[in-house]
Amino acid sequence: MDPSIGGTAVQALIDTDLARFASGRPAEPSWWDESWAHLHEAGGGGVTTIALAGLDLALWDLAARRDSRGVIDLLGRRHDALPAYGSGVNLHYSLDELAAQATRWTAAGFDGVKVKVGKPDLAEDLERLMAVREVIGPDRALMVDANQRWDLDRAVRAVEAFEPVRIAWLEEPLRAEDLRGHAELRRRTGVRIALGENLHTVHRFAEYLDSGAVDVVQPNIVRVGGITPALRIAELAASSGAGAAFHLLPELSAQLAFALPQPTLVEVVEDAGFADLGALTEPSGVVIEHGVAKGGATRGLGLRFR
């Protein structure tokens, strides 16, 4: 869960500021707002919220373990199973490799898949998406993720070019901070926009929802500061009529999804879960079978790292 950029800054915030602030406070996840306010001088989100996530996750884990149950049951389980979709870091894949991955996703039972786009030539992006559509058939959802690679004009052209493959959503077409651009893209094209993995506070999510710039919010539980703010963001999305689909980390994000009132998609990035990376000493309890996420930890979060 460590960030690839800023990890030493996160550790320094924990060691020099957050640990001192937390010392002597109740060992329960009830004072997130005070801790966020304490770190706010260093920034409202980013390294500050990532640092807060470590503490918040630990406190939720402890609260559930004290009660001898899983975090899902502490929060209140609403779902026993949720649909998962296949995802991958695949922009560098050859056409054959991409088609083979799509074949694995369909064999695994996923009813939706997500493909990276952003090649220099839009025609190549379309060729790759058409190959995936041919593999997965006409009925599975095909999401595309541009990872902030385009400007507005390029994104408009891409939406028009991708019409033959019927994309379910366009994810992060522009820089995450470009609120006006996303709202304008949605106005011009009507495309369903998904974003949020690079937004860090409930306030930013509220701005995007209020501006009509997003259809599916994708908070990363670590980047937004842990379970406490992630639940608030999901509640905000539901009240705004938007969808929610947590970003990455199915062993963690599925457990929060099980506790939300609204059905929530679970992202399964090929070979990128904690278990796939060999990071856990024991299974988390979350199981992905036949395209469905089930289970969950019986004590705490069920995440014990090597």
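Helix 10 is followed by Gly241, which has a positive phi, near 80°. That's a handy place to start in this predicted model, and the helix before it comes next.

Helix 10 covers residues 227-239. At 1.5 Å a residue, its 13 residues should span 18 Å, and the end C-alpha atoms are indeed 18 Å apart, so the two values agree. Its buried residues are Ile227, Thr228, Pro229, Ala230, Ile233, Ala234 and Ala237. As for the spacing, an α-helix has 3.6 residues a turn, so residues three or four places apart point the same way.

Helix 6 gets the same check. It takes in residues 122-136, 15 of them, with an expected span of 21 Å at 1.5 Å a residue; the end C-alpha atoms sit 21 Å apart, which agrees. The buried set here mixes charged and uncharged residues: Leu122, Asp125, Leu126, Arg128, Leu129, Ala131, Val132, Arg133 and Ile136. What covers them? Among the covering elements are helix 5 (95-107), strand 2 (112-116), strand 3 (141-145) and helix 7.

Helix 7 (residues 152-161) is also where Val159 sits. Setting aside neighbours within four places in sequence, Val159 is in contact with Leu170, Leu185, Thr189 and Val191. Val191 turns up again with Asp215, which touches Arg186, Val191, Arg192, Ile193, Ala242 and Gly243, residues up to four places away in sequence not being counted. Asp215 itself is in the loop between helix 9 (202-210) and strand 6 (216-217).

Now for Leu252, which belongs to helix 11 (residues 250-258). How far is Leu252 from Val159 in space, C-alpha to C-alpha? The answer is 32 Å, with their positions 93 residues apart in sequence. Leu252 and Ala238 are 14 residues apart in sequence, and their C-alpha atoms are 20 Å apart.

On to backbone angles. Most residues other than glycine have a negative phi. Leu249 has a positive one, near 50°, and isn't a glycine. It lies in the loop between strand 7 (243-244) and helix 11. His290 is another non-glycine with a positive phi, about 50°, and its loop runs between strand 9 (286-289) and strand 10 (292-295).

Are these residues buried or exposed? Here's the rundown, with under 20% relative accessible area counting as buried and over 50% as exposed:

| Residue | Relative accessible area | Class |
|---|---|---|
| Val159 | 11% | buried |
| Asp215 | 15% | buried |
| Leu249 | 13% | buried |
| Leu252 | 1% | buried |
| His290 | 69% | exposed |

Zooming out to the whole chain, the secondary structure comes to 11 helices and 10 strands. The radius of gyration is 19 Å, close to the 19 Å from the globule rule for 306 residues, so the chain is as compact as a globular protein of that length. Along the principal axes, the C-alpha atoms fill a box of roughly 60 × 40 × 35 Å.

Of the 306 residues, 51% count as buried. The chain exposes about 13600 Å², and carbon and sulfur atoms supply 51% of that area. Take the contacts between residues at least 6 apart in sequence: 70% of them join residues at least 24 apart. On the charge side, there are 31 positive and 43 negative side chains, and the centres of the two sets lie 2 Å apart.

Definitions and conventions:
Residues are numbered from 1 along each chain as its sequence is written. Side-chain values use heavy atoms; hydrogens and water are left out. Helices (H or I, at least four residues) and strands (E, at least two) are DSSP runs, numbered from the N terminus. The radius of gyration is taken over C-alpha atoms; the globule rule is 2.2 Å times the number of residues to the power 0.38. Buried means under 20% relative accessible area, exposed over 50%, partly exposed in between (1.4 Å probe, protein chains only). Contact means heavy atoms within 4.5 Å. Accessible areas come from the Shrake-Rupley method with a 1.4 Å probe; for residues, only the protein chains shown count as cover. Lys and Arg count as positive and Asp and Glu as negative; His and the chain ends are not counted. The place of a charge is taken as NZ of Lys, CZ of Arg, CG of Asp or CD of Glu. The expected span of a helix is 1.5 Å times one less than its number of residues.
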